[in-house]
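Please look through the sequence and the fold shown here, and then follow the account below, which goes from strands to side chains and on to a pocket.

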Amino acid sequence: MSGKVVIKFGGGLITDKENMCTPNLDVIDSLVDVLSKVEKQIILVHGAGSFGHMKAKKARLAEGRLPDLNQDISVREVREDMLLLNKYLTDSIQRYDLDYSTYPPRDWAIGTGPDFKGNLPLSDGITVVFGDVVNDYEKEFTILSGDDLMYRYATEIDDVDCVIFAMGGVDGLLKVPPSEATENDLFKTWSPDMNFEGKHATEFDVTGGIGLKVTRASMIAEKGIEVWLVNGMYPERILELIEGKTAIGTKIVSGNC
């Protein structure tokens with residue numbers, strides 16, 4: 001099966017967001033098990049969850065260098081924590097005997113947003129990248145979101161068949177906040193001219209939460225690429241979509257984004 005698939009494992013899926021630097025190891029293994037069944041070339045982006053957001057939020061790293069804060073320790077700690085989370089993920093990939101290469105964005109990317117600078121690295125095996133603290137021409141450093149990585153990989157490399165944002169705890173994009181939702185509140189398809197009540201955990205997230213995710217997904221869909229938001233706690237849904245089948249989730253369709 002030819003083609004490529006760009007997948008994001010959200011930080012809230014692969015970590016316990018309530019406890020600092022705590023991976024969801026069983027979830028990680030179940031997701032990698034699915035990757036082992038994929039015949040397409042995989043670009044895998046992963047979020048930070050409890051390995052990055054808490055410290056980055058406290059030190060206001062997304063704002064860049066601030067004269068009234070000592071941020072250097074936090075920059076170093078967040079980068080180390082992200083390598084640790086990446087190791088939990090790649091250790092699982094190794095146990096499944098899959099070929100992969102990890103490319104920390106701090107080594108090749110500058111800035112943030114969909115137009116961040118840097119040539120996208122690509123492996124013959126699984127390409128692994130993640131949200132990271134990167135250098136910035138104006139702010140000295142900033143946070144590069146995995147959603148921005150998703151946009152550039154999805155739209156700049158050839159033969160991408162499918163883009164999947166795998167999230168934790170929700171089946172896709174909801175009409176109301178998750179705490180209020182029923183099964184009838186799931187958007188099966190969504191375009192930018194439709195409203196939704198996204199809940200952004202401002203006390204935790206530093207990169208824009210569900211709003212940024214939906215914006216980047218919409219921008220990808222505008223390029224004619226199939227984009228889905230799914231619940232990664234049911235990894236078989238990821239495989240179904242990669243195989244061209246339908247699954248429970250939200251398909252993002254083009255609109256005026």
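**Strands, salt bridges and a pocket**

Strand β7 (residues 160-167) and strand β9 (residues 226-231) run parallel and are joined by 6 bridges, where strands (E, at least two residues) and helices (H or I, at least four) are DSSP runs numbered from the N terminus, and where two strands pair if DSSP finds at least two bridges between them. Across this pairing, Val-163 stands opposite Val-227 in β9. The model is a predicted one, in which local features need pLDDT of at least 70 and side-chain atom pairs count only at pLDDT 80 or more, while totals for chains, interfaces and linings use all residues. Residues are numbered from 1 along each chain as its sequence is written, and side-chain values use heavy atoms, with hydrogens and water left out.

The two strands belong to an open sheet of 8 strands with mixed pairing, whose order is β3-β4-β2-β1-β7-β9-β10-β8. Because β3 (100-102) and β8 (189-190) stand at the edges with a single partner strand each, one side of each is left without a neighbour in the sheet.

Another pairing is that of β5 (residues 132-136) with strand β6 (residues 140-144), which run antiparallel and are joined by 5 bridges. These two strands form a hairpin with 3 residues between them. Within the hairpin, Val-133 stands opposite Ile-143 in β6, and Val-134 has Thr-142 of β6 as its bridge partner. Strand β5 is mostly covered, since 4 of its 5 residues are buried, and β6 is likewise mostly covered, with 4 of its 5 residues buried; here buried means under 20% relative accessible area, exposed means over 50%, and partly exposed is in between, as found with a 1.4 Å probe on protein chains only.

What links charged side chains across the structure? A search of the whole structure finds 17 salt bridges, each being a side-chain nitrogen of Lys or Arg within 4 Å of a carboxyl oxygen of Asp or Glu. One of them joins Arg-95 to Asp-29, with the closest N and O atoms 2.9 Å apart. Arg-95 lies in helix α4 (residues 72-95) and Asp-29 in helix α2 (residues 25-35), so this pair ties together parts that are 66 residues apart in sequence. Arg-95 is exposed, with a relative accessible area of 57%, whereas Asp-29 is partly exposed at 24%.

The salt bridge between Arg-152 and Glu-156, whose closest N and O atoms are 2.8 Å apart, lies within one helix. Both residues are in helix α5 (residues 146-156), and because they are 4 residues apart there, about one helical turn separates them. Arg-152 counts as buried at 8% relative accessibility, while Glu-156 is partly exposed, with a relative accessible area of 44%.

A further salt bridge returns the reader to the open sheet, for the side chains of Glu-226 and Lys-251 meet at 3.9 Å, N to O. Glu-226 lies in strand β9 and Lys-251 in strand β10 (residues 250-252), so the pair ties together parts that are 25 residues apart in sequence. Both count as partly exposed, Glu-226 at 30% relative accessibility and Lys-251 at 28%. In addition, salt bridges that share partners join Lys-8, Asp-147 and Lys-213 into one network.

Cysteines are the next topic. A disulfide is a covalent bond between the sulfur atoms of two cysteines. With a disulfide taken as a pair of cysteine sulfur atoms within 2.5 Å, the count comes to 0 disulfides. Cys-21 counts as partly exposed at 22% relative accessibility, and Cys-162 counts as buried at 4%.

Last comes the second largest pocket, which has a volume of about 160 Å³. On a 1 Å grid over the protein atoms alone, a pocket is an open set of points with protein on both sides within 12 Å along at least five of seven lines, and lining residues have an atom within 4 Å of a point. The lining consists of Asp-171, Leu-174, Thr-182, Glu-183, Leu-186, Lys-188, Ile-248 and Gly-249. These residues divide into 3 nonpolar, 2 polar and 3 charged.

Note on methods:
On a 1 Å grid over the protein atoms alone, a cavity is a set of points where a 1.4 Å probe fits but cannot get out, and a pocket is an open set with protein on both sides within 12 Å along at least five of seven lines; lining residues have an atom within 4 Å of a point. Grid points are joined across faces, edges and corners, and a volume is the space filled by probe spheres set on the points. Ala, Val, Leu, Ile, Met, Phe, Trp, Tyr, Cys and Pro count as nonpolar, Asp, Glu, Lys and Arg as charged, and the others, Gly among them, as polar.
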